[in-house]
Amino acid sequence: MPTLSPPAKPAVVPDLRGRFGPYGGRFVPETLMFALEELTQAYAEASQDPAFQAEFRRILNEYVGRPSRLYFAERLTKEAGGARIYLKREDLNHTGAHKINNAIGQGLLTKRMKKKRVIAETGAGQHGVASATAAALFDLPCRVYMGSEDIRRQELNVFKMRAMGTEVFPVESGSKTLRDAVNEAMREWMASVETTHYIIGSAIGPHPFPMMVRDFQAVIGQETKEQSVEQFGRLPDVVVACVGGGSNAAGMFYPFVNDTGVELVGVEAGGRTNVYGEHAATISNGKPGVLHGSFSYVLQDDDGQTAPVHSISAGLDYPGVGPEHSYWKDNGRVRYTSINDAEAMEGFRVSSRLEGILPALETAHAVVETMRIAAKRPKTDVVVLCFSGRGDKDCAEVARLEAGLPASH
Ligand SMILES: *Cc1c(COP(=O)(O)O)cnc(C)c1O
């Protein structure tokens, strides 16, 4: 038998310009270049500083409640009838999702850079709540930009942010949703960059955000690797995560990138149909372009206008995706697929009924794909699902949809 040469290690990305292959970079006005340089420098130092890393880990453990459990889902496994399914329980974190990991990391960095306040954008309010939480913890004034449409639809999250001392700033431009909130937050950052840090909520935006957010979320994948070895003596065969901007998936996948025996699967929002404007499956249906400061796959029309998007889950309802996912798509390291609204509703039901665990509607997309993969694999295989968040926030929406009422977004 001829011996195979070991596969070439993937290149270290991003490079110094923040490029993941052709993707990423900085497509921003000149006024922001200095701030992004300063941030890159500060983050490079912090990431090499054991004291910073130890403090980050201490807060994740003591405040967020990490490490999150890697839980064997016996009834989902039985229902799928194949490979064993494990859930990486990010829903058990304080505030109920993975977003807090990144908000804590960027909050600590804000302190280190001696900035006096933070701003953030939010769609459904999950990242707004995570940022408000970190701001309260670190005693930083916080303003969250939120489309006025979203403010109307997400009363509870707006209340939570205000209760924690955050100012919720209504954005009236465009579609009055997430995309417009990002634009407004970037504009405001330009004017206040000397005193203010902008906490971006996903692995998107100009360099160094995609790398930094991935690194803060990589605790998910690192813990999963250690827990896999402890609990079943090896790495999983497949790892599945949902992809909106791509932060929970990037954090889960990144530590596995060089473990080429582990299949990585990203699940996008298939929406109502595959027709332009009715879904948010950016990698599956988009093409490369510039959105929110970085070059990546974008849902757009033939003239390059960003597409309207729809998903049952507000956290996946975004026309862009982080540049590292575009890179992984092109080099084939991650397989991307999509699950539609109706299927995700079924994922919500099956996880709730069989495990007593209500998933966020974002997570529900990945539940469905995980069940399909497990069904096709032998009982000796293991599939790990990144259980990005809990479903409490979506109960009212699920009830509306089950009653036959139109989606609220
Ligand atoms: C925001 C959110 C997502 C999508 O964001 P990513 O950056 O793609 O991870 C997924 N799941 C939950 C629970 C969320 O709150």
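In this predicted model, P67 is placed in the loop that runs between helix 2 (50–64) and strand 3 (70–72), and the peptide bond that joins R66 to P67 is cis, with an omega of about -5°. A cis peptide bond also joins H207 and P208, where omega is about 15°; P208 belongs to the loop between strand 8 (196–199) and helix 9 (209–217).

Positive phi values were found at two residues that are considered here together with their surroundings. K114 has a phi near 60°, a positive value in a residue other than glycine, and this residue comes just after helix 4, in the loop that leads from helix 4 to strand 5 (117–122). The relative accessibility of K114 is 65%, and because exposed residues are those over 50%, K114 counts as exposed. D139, which is likewise not a glycine, takes a positive phi of about 55° and is located in the loop between helix 5 (126–137) and strand 6 (142–147). For D139 the relative accessibility is 65%, so that this residue counts as exposed.

Helix 4, which precedes K114, comprises the 14 residues 99–112, and at 1.5 Å a residue it should span 20 Å; the C-alpha atoms at its ends are 20 Å apart, in agreement with that expectation. Of these 14 residues, 12 are buried, and helix 4 is therefore largely enclosed by the rest of the structure. The buried set consists of K99, I100, N101, N102, A103, I104, G105, Q106, G107, L108, L109 and T110.

K99, which is one of the buried residues of helix 4, is also among the closest residues to the ligand, together with S202, G244, G246 and S247, within a shell of 17 residues that surround the ligand. A polar side-chain atom of K99 is placed 2.7 Å from an oxygen atom of the ligand. The backbone contributes as well: a backbone N or O atom of G244 lies 2.7 Å from a ligand oxygen atom, and for G245 the corresponding distance from a backbone N or O atom to an oxygen atom of the ligand is 3.2 Å. Taken on its own, the ligand has 380 Å² of accessible area, of which the protein covers 97%. By residue class, the shell around the ligand is made up of 11 polar, 4 nonpolar and 2 charged residues. Residues are given to this shell both by domain 1 (20–63 + 99–213) and by domain 2 (65–96 + 218–403), so the ligand lies between the two domains.

Two further helices were examined for length and burial. Helix 8 (residues 178–192) has 15 residues and, at 1.5 Å a residue, an expected span of 21 Å, which agrees with the 21 Å that separates its end C-alpha atoms. Buried positions in helix 8 are L178, D180, A181, V182, A185, M186, E188, W189 and S192. An α-helix has 3.6 residues a turn, so residues three or four places apart point the same way. Helix 15 (residues 361–375) also has 15 residues, for which a span of 21 Å is expected at 1.5 Å a residue; its end C-alpha atoms are 22 Å apart, which agrees. Helix 15 is mostly covered, with 13 of its 15 residues buried.

Beyond helix 15, P378 occupies the loop between that helix and strand 14 (382–387). The relative accessibility of P378 is 45%, so P378 counts as partly exposed, and its C-alpha atom is separated by 43 Å from that of F52, a residue 326 positions away along the chain. A403 is located in the segment after helix 16 (395–402), and its relative accessibility of 58% means that A403 counts as exposed. Between A403 and L264, which are 139 residues apart in sequence, the C-alpha to C-alpha distance is 36 Å. E30, in turn, is found in helix 1 (residues 30–48), and with a relative accessible area of 65% E30 is exposed. E30 and G18 are 12 residues apart in sequence, and their C-alpha atoms are 16 Å apart in space.

Technical notes. Residues numbered from 1 in each chain as written. Predicted model: local features only at pLDDT ≥ 70, side-chain atom pairs only at ≥ 80, totals over all residues. Heavy atoms only, no water. Near = heavy atom within 4 Å. Polar contact = N/O pair within 3.5 Å; in protein donor to acceptor, adjacent residues only side chain to side chain. Areas by Shrake-Rupley, 256 points an atom, 1.4 Å probe, with all protein chains shown as cover. Nonpolar A, V, L, I, M, F, W, Y, C, P; charged D, E, K, R; others polar. Domains from an automatic or database assignment. Helix = DSSP H or I, 4+ residues; strand = E, 2+ residues; numbered from the N terminus. Expected span 1.5 Å × (residues − 1). Buried < 20%, exposed > 50% of the residue type's maximum accessible area, 1.4 Å probe, protein only.
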